[in-house]
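Thanks, everyone, for making the time this morning. I would like to go through one structure with you, beginning with its charged pairs and then turning to the chain contact and to a pair of helices.

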Amino acid sequence: MNIKTNPEPNEELLTRWIDDDLFGQELIDFEATIADDREMYDAMREEAKGLGNMMRANFASSVEPPYPDFFNSQIQKHIRDGMDEKLPEKASIGSQIWSWFRSPFTLAAAAAVALLLTFNRQQDESHTLVSSTFSPNPNVVATSFFSEDANATVIVLEGLDAIPDDREIVGKNIATYMPSGAPGFGKFFDDDNQLAFVMETNSFGAPVISSIKKDSI
Amino acid sequence: MSVRFVTFLFAMLISIACSPAEEKVGSQVKDAKVWGALIFASDDEVPEKSRPTKDLAKKLAKVFKEFKTFEQLGQHTQGIVFSDYQNWVVPSDDFNLNFESKGTTKEGSMNLMLKLWQDEKVLVKTDVTLKKGSPLFIKGPKWRNGRLIFVLVLE
């Protein structure tokens, strides 16, 4: 069993170490406290730096407010208006949440979200939709699109092995499938309601079609 | 009307808007019928008896413009969709499809989780909301001088 002998490093020092903000004796002392778990702390630092870089790359450090002149004048007005007002007592977290929750703006936002969801659902119902595709074969890429001309949704499987030319693809005409007996076992009937074949599934759920053995069914 | 009641009402509305309306009767999905077919798209001549319906042929031609003809190799009409069992659409020995119904919506669409099989291999797994009159085409492997296409339609 691996028991730590060194105490946990001070959180502030740890943060500064991650930010490369420790120098001299402070750095030497800190690195001594994490020496036993150096690899773990190095990994933590790399991860934190990676996260920071990603956020810097994806989020602007400053955003220009819309109509900045108006924005600034409104802020100044609110500061002037608020100069003589007494600051309200600090509310508890519970009451802050409740006041936010019962705010008319929150209710309006909730209504807008509900309408948007309903609208989207109605939009989505207009044609067949593919929500997700997955191919277990890593060489296969499955993509989907909607053809407005045909009012059809298409999944394209690229990367599949071609079927050898000498193989016959045998079609069937089936009218009904009825599950029967054990899970995965079923009977298939043709247009004349005659049993066409039986099918069972193997341990991987794959279909195994059997020719008819009427005596055994 | 209290604020608390209005909030509760909104929460209910959102949950109703998000949940699919299931219309199941026993172990079957009410009024659900699916049709599947295996189509061979190529430039070959196709005998009349092997051609798909005009409507389907027109839709196929609009999507798969690189092919001139469409031969229906096999088809399967499944008049009963089971909600408690795996459903199978088997228009050929080699290609077939199984799906689980995740219920129907008020508009009559059906949510499915389906797998397309080639022999004992899964080619693709997909979650689909199948809408009446809007077929699903799955463009499968190359074969001879064309391509195999699996068609699934909610009727």
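Let me fix one term before anything else: by a salt bridge I mean a side-chain nitrogen of Lys or Arg lying within 4 Å of a carboxyl oxygen of Asp or Glu. What you have in front of you is a predicted model, and when the whole structure is searched with that rule, 14 salt bridges turn up over all chains.

Between chain A and chain B the count is 5 salt bridges, and one that I would point out joins the side chains of A:Arg167 and B:Asp119, with an N to O distance of 2.9 Å. Under the polar-contact rule, the interface of chain A and chain B holds 36 residue pairs, both partners being at pLDDT 80 or more. On the side of chain A that touches chain B, the residues divide into 39 nonpolar, 17 polar and 11 charged.

As for the extent of this contact, 67 residues come from chain A and 68 residues from chain B, and the area buried between the two chains is about 5,500 Å², with carbon and sulfur atoms giving 58% of that.

Let me now move inside chain A, to helix 1, which covers residues 11–18. Here the side chains of A:Glu12 and A:Arg16 form a salt bridge at 3.8 Å, N to O; because these two residues stand 4 apart in helix 1 of chain A, about one helical turn separates them.

How, then, does helix 1 of chain A cross helix 3 of chain A? The axis of helix 1 and that of helix 3, residues 38–58 of chain A, come within 10 Å and cross at roughly 65°, and the crossing is right-handed. From helix 1 of chain A, the residues A:Leu14, A:Trp17 and A:Ile18 meet a set in helix 3 of chain A that includes A:Tyr41, A:Met44, A:Arg45 and A:Ala48. Sorted by class, this helix contact has 6 nonpolar, no polar and 4 charged residues.

Key
Residues are numbered from 1 along each chain as its sequence is written. Chains are lettered from A and ligands numbered from 1 in the order in which they are written. This is a predicted model: local features need pLDDT of at least 70, side-chain atom pairs count only at pLDDT 80 or more; totals for chains, interfaces and linings use all residues. Side-chain values use heavy atoms; hydrogens and water are left out. Axes are lines fitted to C-alpha atoms, for helices over the stretch in contact, and angles run from 0 to 180 degrees between N-to-C directions. A crossing is left-handed if the near helix is turned anticlockwise from the far one by less than a right angle, and right-handed if clockwise. Contact means heavy atoms within 4.5 Å. Ala, Val, Leu, Ile, Met, Phe, Trp, Tyr, Cys and Pro count as nonpolar, Asp, Glu, Lys and Arg as charged, and the others, Gly among them, as polar. Buried area is the accessible area (1.4 Å probe) that two parts lose on being put together, summed over both. A polar contact is a pair of N or O atoms within 3.5 Å; within protein, one must be able to donate a hydrogen and the other to accept it, and residues adjacent in sequence count only if both atoms are side-chain atoms.
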